[in-house]
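Biologist: I am new to this structure and would love a close look at a single part of it. Could you pick one strand, show me its surroundings, and then place it in the whole chain?

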Amino acid sequence: MTPRVGIVGGGILGTVLGLRLQQAGAQVTVLERAPSLGGLAGSMDFGGHTVDRFYHVVVPSDEHMIALAEEVGLGDQLRFRPVGAGFLIDGKLHDLNGVGDFLRFNALTPWQRARLAGFIVQCQLRSSYDALENVPLEQWLRRTAGNGVTDRIWKPLLNSRFDSNWSELPATYLWARTRRMSGARTGKSRGEEMGHVIGGHQRLIDAVARRAQDEGVRFWLGAAVQGLERDADGAVRGVRVDGDVADFDLVISTLQPPALRHLLPADLEHLLDAYPKRFMGVVCVVLKLKRSVSPYYALNICEPTPVTSVIEASHALGTDHTDGLRLVYLPKYCDPQAPEHDEDPQSLYDRFTSILPRVDPSFSHDDVVDWTVTRTRLVEPVHPTGAQPRVAPIWPGVPGLALASASQIYPRLLNGESVVQMAEQVASEAVERLRLPDAAGQPDPDRGLLTIQPTTV
């Protein structure tokens, strides 16, 4: 008998997981509360232009994302562009693209530049993170990069990224980030390249969903999953949706822990103890501008500002989809309870755009054609030093239940590549447990990524 699998959540993770399990021989239903797929990777209408709600890119080393795009017929829709890297320090912009810029990087002394270079090389050469898991990040930075580099570069960047509270971070965080960005460096100049699927992550998700639907996956949109349905022995046998029961042989939840809490019955709430307790959210002012305001895709800001970074996404995405207008994101990463989540949009606009004259003294609000605010209280988990277990188990010991969310991606950064990779590994493990004939996807050889009807589209 064909096993029935219900996947709760229709973001990248749930959509790719559904495709892979259907291809392996299961009968899959993806249940999504929203009226469309995509989650945080989805798009929005911005004054007549379809753009990402939050900024996303693909780098040349994103093998799983690139392979997925090719599989669903979008391989020829991938575009990569060289992008510049820069820093704002003491009111001045500093290029950091290649050896020449590094040697001229006068925000640091020659000795500090040497320490920074050594730190980056060490991250790129270190293939295993075992020795870093229980080392506090600041301790590691001061030992390997030096006090000057830590205080001048890393400390202000981390203060901005983690709401001035990053004492619990392990050294693996910057190790993973540095290795990720090294994957964007290509060519003789070793300059960074970033790219996208034309139409954004949403177009890729929609293409995966169409392929999955062709394979037989059912996408149940507007499905308000109210909880798990269990038999007398405690095994999960389905979910409750709008008061009715949808029966499945395996339920896989892709919900982050705060949302997962509403799915679990009281006697299973202890499963949440294995997850991180702290999460970061983001509030973002999105602008359409008549002209460029920054020479960089992402500006690293090493001084106090109301925003974490200035992301001129058009450097990577181009402007064809915005009729020549430049697309700029001004994000502020903050705790879920931060006042920015409830702040008036006009106030956010006024405060966040105050950074732009420091980046481009000729900036004028007359350059702004349109703007909007996007925000979410839940973007990514903070994995603290010494946490046990390091990641929550995919298979929590409850028959018929698997838990696979972005909170279990570690130590890689949370991005499309790591999410697709996770989906394929979870599918492979589920195939074995369901005794399906064909394995879908290959487990990642690197340790630690995992421990493991309204309308339809």
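Modeller: Happy to! One term comes in handy at the start: the radius of gyration is taken here over C-alpha atoms, and the rule for a globule is 2.2 Å times the number of residues to the power 0.38. This is a predicted model, and its chain has 457 residues, for which a compact globule would have a radius of gyration near 23 Å; the chain has 22 Å, so the two agree. Along its principal axes, the C-alpha trace spans about 65 × 50 × 45 Å. The chain holds 13 helices and 20 strands.

The part I would pick is strand β2, which covers residues 27-32. Is β2 mostly covered or mostly open? It is mostly covered, with 5 of its 6 residues buried. Buried here means under 20% relative accessible area, and in the chain 58% of the 457 residues fall in that class.

Now let us meet the neighbours of β2. Strand β1, made of residues 4-8, pairs with β2 in the parallel sense, over 5 bridges. Within that pairing, Gly6 has Thr29 of β2 as its bridge partner. Strand β10 (residues 218-221) also pairs with β2 in the parallel sense, this time over 4 bridges. There, Glu32 stands opposite Leu221 in β10. In general, the strands of a sheet pair through backbone hydrogen bonds, in either a parallel or an antiparallel way.

Stepping back a little, β2 belongs to an open sheet of 5 strands with parallel pairing, and the order is β10-β2-β1-β14-β20. The edges are taken by β10 and β20 (401-403); each has a single partner strand, so one side of each is left without a neighbour in the sheet. From one strand to the next, the twist averages 20°. Helix α1 packs on this sheet, where it touches β1, β2, β10 and β14 (250-253). The direction of α1 makes about 170° with that of β2. Helix α1 spans residues 12-23, and together β1, α1 and β2 make a right-handed β-α-β unit.

For context, here is another sheet in the chain. It is open too and has 7 strands with mixed pairing, in the order β7-β6-β16-β17-β18-β15-β19. Its edge strands are β7 (92-95) and β19 (368-382), each pairing on one side only. The twist in this sheet averages 20° from one strand to the next. Strand β15 (residues 278-289) and β19 run antiparallel and are joined by 11 bridges, and Phe279 stands opposite Pro381 in β19. Helix α11 (residues 345-352) packs on the sheet and touches β15, β18 and β19, with its direction at about 95° to that of β19. Helix α6 (residues 147-161) lies across β6 (85-89), β15, β16 (298-301), β18 (326-334) and β19, and runs at about 90° to β6.

Finally, a word on the outside: the chain exposes about 18800 Å², and carbon and sulfur atoms supply 50% of that area. Back at our chosen part, β2 has 5 of its 6 residues buried and sits between β10 and β1 in the order of its sheet.

Key. Residues are numbered from 1 along each chain as its sequence is written. This is a predicted model: local features need pLDDT of at least 70, side-chain atom pairs count only at pLDDT 80 or more; totals for chains, interfaces and linings use all residues. Side-chain values use heavy atoms; hydrogens and water are left out. Two strands pair if DSSP finds at least two bridges between them. Helices (H or I, at least four residues) and strands (E, at least two) are DSSP runs, numbered from the N terminus. Axes are lines fitted to C-alpha atoms, for helices over the stretch in contact, and angles run from 0 to 180 degrees between N-to-C directions. Contact means heavy atoms within 4.5 Å. Buried means under 20% relative accessible area, exposed over 50%, partly exposed in between (1.4 Å probe, protein chains only). Accessible areas come from the Shrake-Rupley method with a 1.4 Å probe; for residues, only the protein chains shown count as cover. A crossover is right-handed if, with the strands pointing away from the viewer, the path from the first strand over the helix to the second runs clockwise.
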